[in-house]
Structure formats: C-alpha cells, structure tokens
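Subject: Structure handover and notes

Dear colleague,

I am passing on the structure we discussed, and my notes follow directly beneath it. Please read them with the model open beside you.

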Amino acid sequence: MSNFKKLLSVAGLACLPGVAFADTPSIGSILEASGVKVSGYTSASYSLNFNDGKTLAFRAYDAQTDTFTIDQASLTIGYAPESGFGATVNILAGEDSNVINANYGDGDSIFSLPTAYVSYAGGGFTVIAGRFGSLAGYEVTADNAAPFISRSWLFQNTQPFFHTGVRVSYAFSSLVSATLGAVNSAPQASTIDANKQKTLEANLTLTPTKSLLVSLTNYLGVDDFDGVVLFPINGPAGGAFTTRTNISDIVVQYTGIDKLTLALNGDIQDAKGLYINKGIAFYGMYQLTDQFAARARFELTEASLKASLGGGTDSFKIFTIAGVYSPSSHMDLIAEARFDTSNNDVFPNGATLKDNGGNFAVKAIYKF
C-alpha cells in the first residue's frame, strides 16, 4: 500500500464511530500498526504571586496568578516514516493557547494549532513545510517536555515560539546535523508575514560524545513592527518600523555525570535601531530516584532600547527551583518557586512597580 493510500485509510478509520466488537482490533492498535503515532497530555496549575496583583511580568505561559488554570490539553497525531511522505498535527486547548495565538498575530482563543506540517524523509534529508517549532532555545512550549513550570526569561523575550515556512535538515553522521529554512517573521512568529522578505534560519547540532550536545542557531530577516510595544523600559515605545532582525542562540547540554544534567542557553535578539534583548540561562537537573527529581535555573539577562527611542536598560537576575514527583510514567507533579530581580522598578505590585517579583506554583501533568 502506498504511503498516500495508507494515510487516507488511517484518516478514514479515525472517523468511524466508537463501536467495538470482540474480535475487532482497536483503533489504537490499527493506528500503531499503520505507523501512525498518537500521544497527548493534560496539564493544570495554581500560582501564588509574591507581589500584590494577579499579573507576572516577562512571563510566557504563567503570567496569571491566584487562580486555578487548565494550561494545556494537547493531542499529537503523526506519521513520520524513515523514508517517504508523512504529516504531523498538534492540537492544543487551554489558557496557554491565548499566548500561542497572540504570537501568531491572529487574536485570542483557547484553541490553537502549534504545529501542523507535511514531511518527506530520504537519503539523510528531512523536509518539512507548514507550522513547526523554533530551532532556538533549550525550553519548549509543551508542558510534558518542559523542565519547569515557568519558562525562562529568554524563552519569552528573545526566542520565537513557532514558525510558518519550510525547513530542510540533513544528518551528516551521528555526530553532526544541519538545518536550513525560510520562514515568516521570526521575532513575531506570525502565520502571515507583514512583508515579502522571509527570515532565514540555520542550525548546526554537534554531538561529539554521547553525553555532550552543542546546538548553534541563527535567524536573520527583515521585519515590520507596526504599532508594537517594544519593551516596557521607561514606558512603552511604539510606532511603525521596518528593520533588520537577528536572533543568535546557543544551547549546550552535558549528561556525563550520573543522574545529573547540566545545560546552558545563551541568546541575543537584535532589532537594528530598535532594541537588543540578551542573556544566558544555566540549568542543573538531578534525578534523585525514579520518582523524585530536583531542578534549578539561574538567569542573567537584559533588555535595552536604542538611544533613538529614549534608551534605557533593564538588567535581570532570576532564580528558579523546582521539585518533581512522578508517581507513575504517566503522571508528573511539579512544585516551583521563582524570584526575579531588576535594576529598575518593572514588576507589577498593585498600582505601582517594584524591583523584584516572583511566585510559587504547582502543576499536574498527565501523559498518555
């Protein structure tokens, strides 16, 4: 059966009513035998703000506090053969979709489509076209793969979340792989580009040993900023701008020490003539037992407006610690405390601002 016919057959089976007979294989077993993988998870959390108010600044998916939240209910369906055509779709519902859709530039909704692409693999090459995740950064959107409840300052303020475009990857060997692509605006992650220029993405990943990974990524483009708030330094700066943008990212991970993972992530996002956001994050994650893990993250970052927009620099030191309890392979319970400091008063505290902020949060994630 051709790959195309196989995909059509699987799609048809997925639409059948949920009727089962004693000798009839389940839909899950049919999908698995066809090479289609289905996975998902659901996550919910509660966060307590150290400051007065319900908003945390410079956060990605955990900006709201003092409320119970259904963060992500995710379902991924993928068919990715070692050779031939395939497709992957991720559907996500929950409050985090508001952030994802805002980055799309398409408005708010509790439903989002983080990834949806067709693929082709063969001869060491993999080509994907559609909507897919960023090459930059150590952390990810998916709660079931994120090391902390909160994402890093770099994740929110220097890295794109998703892209729409085309990407080609080639594995030279088990030690070296490279990726090139052309996507719509990287800084704004828009599904529809505001101009005709595309952003070029490039990545080189090195694994010189089993315990060491080094990933180098760069995004280069020309982007339109129309009425966008660039950064809340000395008040918002808005207006219509067209400028060169560049995002440089490095990730290093070392797993050569028993049960301990060490990593760092460094970024520079430069919108020429407008702003520069940059910083570095350090990670330490220790697996105490099969069920318990301890994690820590420390960040040094800064955001600067160019002199033509009034200048000013905010510097940050951010400390995050977390404990993870996994009673089964399907369940993770995470408790996290985070404390942010700055050289300026930039963190909401009721009707005023102060130079520090933070929160305590708990999250439950069920994976299937």
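Asp-223 is buried (under 20% relative accessible area, with a 1.4 Å probe and protein chains only; exposed is over 50%, and partly exposed is in between), yet Asp-223 has no salt bridge (a side-chain nitrogen of Lys or Arg within 4 Å of a carboxyl oxygen of Asp or Glu). The nearest side chain of opposite charge, counting Lys and Arg as positive and Asp and Glu as negative, with His and the chain ends not counted, is Lys-198, 8.8 Å away.

Please bear in mind that this is a predicted model, in which local features need pLDDT of at least 70 and side-chain atom pairs count only at pLDDT 80 or more, while totals for chains, interfaces and linings use all residues. Residues are numbered from 1 along each chain as its sequence is written, and side-chain values use heavy atoms, with hydrogens and water left out.

Asp-223 lies in strand S9 (residues 212–226), where strands (E, at least two residues) and helices (H or I, at least four) are DSSP runs numbered from the N terminus. The side chain of Asp-223 is joined to that of Thr-245 by a polar contact of 2.4 Å, meaning a pair of N or O atoms within 3.5 Å, of which, within protein, one must be able to donate a hydrogen and the other to accept it, and for which residues adjacent in sequence count only if both atoms are side-chain atoms.

Another polar contact, of 2.8 Å, joins the side chains of Gln-253 and Tyr-138. Gln-253 is in strand S10 (residues 240–257) and is partly exposed, at 23% relative accessibility.

Turning to the rings, the structure holds 15 aromatic pairs, which are rings of Phe, Tyr and Trp (its six-membered ring) with centres within 6.5 Å, counted as stacked if the planes are under 30 degrees apart, edge-to-face if over 60 and tilted for the rest. One of them is the edge-to-face pair of Phe-58 and Phe-347, 5.6 Å centre to centre with 85° between the planes. This pair links distant parts of the chain, 289 residues apart, with Phe-58 in the loop between strand S1 (36–49) and strand S2 (68–79) and Phe-347 in strand S16 (residues 347–349). Phe-58 is buried at a relative accessible area of 10%, and Phe-347 is buried at 3%. Ring pairs also link Phe-58, Trp-153, Phe-316 and Phe-347 into a cluster.

With best wishes
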